[in-house]
Amino acid sequence: MKALVLAAGQGSRLSRWTPALPKPFAPVANWPVLSWVLHHLDTAGIDDIGVIVPGDSLDLYAKGFGTRTPEGTPVTWLAERTPLGTGGCLRAQADFFAGAPAVVVPSDIVSGVGLKALIAHHAQVGAPVTVAAVPRDGMAWQGDVLVPDPDLPGRAAAYAFKPRASAGMRMGSTGAWVVDPSVFAHIPVDRFCDFSSEVLPRLTGLGVPLGLFDAGEDVYLRDIGTPAKLLVGNQEAVRGLTPSAPRQLPGSAPLIASGADIGAEVVVGPGARIGAGARIVGPSVIGSYAEVGRGAVVTAAVLLPGARVEEGTHVESDIIGTGGEAREALLACGPFGRMP
């Protein structure tokens with residue numbers, strides 16, 4: 001089974017740091033979120049991974065991530081020269097599919113969805129697309145919604161793109177799909193097309209049932225696509241709430257001055273420097289090659305790689321650093337090492 005990762009978006013909601021730091025490089029406990037995604041795919045026994053990235057970024061991704069996952073799975077960097085959307089880009093990669101289904105996942109979600117079980121469900125129901133979904137409170141869920149088919153267990157009768165809130169439970173899409181190339185007949189050629197808002201509703205409108213895989217109410221999902229969500233995702237990772245516990249990136253050991261106070265639930269990246277009398281209060285992340293000046297206090301915050309907190313400064317519940325600094329500091333640790 002192959003997998004495709006959708007990583008060609010602009011990351012406009014993270015515009016404080018993009019495009020200098022592409023969204024898939026945004027760090028969660030110092031690992032780029034794309035590293036978490038590739039590790040997740042490795043747990044499913046995927047044979048070959050393609051990552052769709054902007055056409056002018058191939059060298060950047062190859063330098064940062066290499067051409068194999070830490071488990072040895074081949075990674076191919078696939079250029080999107082013109083923005084085609086999540087539907088159009090799939091049809092454009094028909095050669096990568098090679099006539100067989102593939103797992104498709106976003107590049108900005110740390111996920112605990114059971115991909116092996118998703119693949120097995122797809123094979124069992126025989127639908128052209130299977131969507132992994134989770135039961136969610138309809139008043140709180142803000143994403144896409146699937147309506148289970150009452151006559152066909154394990155399938156969906158309808159797909160709604162970000163509908164209005166309503167009382168009761170909903171099956172919310174996790175963004176993880178298994179897609180069969182037969183669905184390309186419903187995707188226009190060479191124009192922008194969104195898979196969630198156009199293709200999936202079109203299929204159910206034509207009476208084509210979708211596979212519906214219940215990933216479980218308690219499965220971990222964290223979209224890091226906004227600054228607030230990126231901050232929470234980092235805090236959850238250092239608190240041990242993610243599917244995998246973070247490990248140290250490769251690189252030189254951090255330099256922690258005598259008298260610095262490093263609290264519980266704190267991750268300090270390689271090459272970081274923490275001055276005398278500084279205090280780090282968790283849940284916090286100190287990025288690779290970041291600096292915390294003498295007497296500074298960092299509380300429940302994230303320092304991006306290469307960021308600096310000046311002497312005596314107090315930072316709380318914020319993300320500090322620039323996209324350019326973070327990119328260069330991350331690349332100093334690449335190709336990124338093995339996730340646990």
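**Exercise 1.** Which residues have the most contacts inside the largest nonpolar core?

*Solution.* The model is a predicted one, in which local features need pLDDT of at least 70 and side-chain atom pairs count only at pLDDT 80 or more, while totals for chains, interfaces and linings use all residues. Residues are numbered from 1 along each chain as its sequence is written, and side-chain values use heavy atoms, with hydrogens and water left out.

Begin with the term: a nonpolar core is a set of buried Ala, Val, Leu, Ile, Met, Phe, Trp, Tyr and Cys residues joined through side-chain atoms within 4.5 Å, where buried means under 20% relative accessible area and exposed over 50% (1.4 Å probe, protein chains only). The largest such core has 59 residues, and those with the most contacts inside it are Leu34, Leu41, Ile49, Val51 and Val103. Next, take Leu41 alone: not counting residues up to four places away in sequence, Leu41 touches (heavy atoms within 4.5 Å) Ala3, Val5, Ile46, Ile49, Val103, Val105 and Leu115.

**Exercise 2.** Determine where the buried residues of helix α5 lie around its axis.

*Solution.* Helices here are DSSP runs (H or I, at least four residues), as are strands (E, at least two), numbered from the N terminus. First list the buried residues of α5 (residues 115–125), which are Leu115, Leu118, Ile119, His121, His122 and Val125. Because these residues cover an arc of only 160 degrees around the axis, they lie on the same side of α5; the arc is that of the directions from the helix axis to the C-beta atoms. Then check the other side of α5, where Lys116, Ala123 and Gln124 are exposed.
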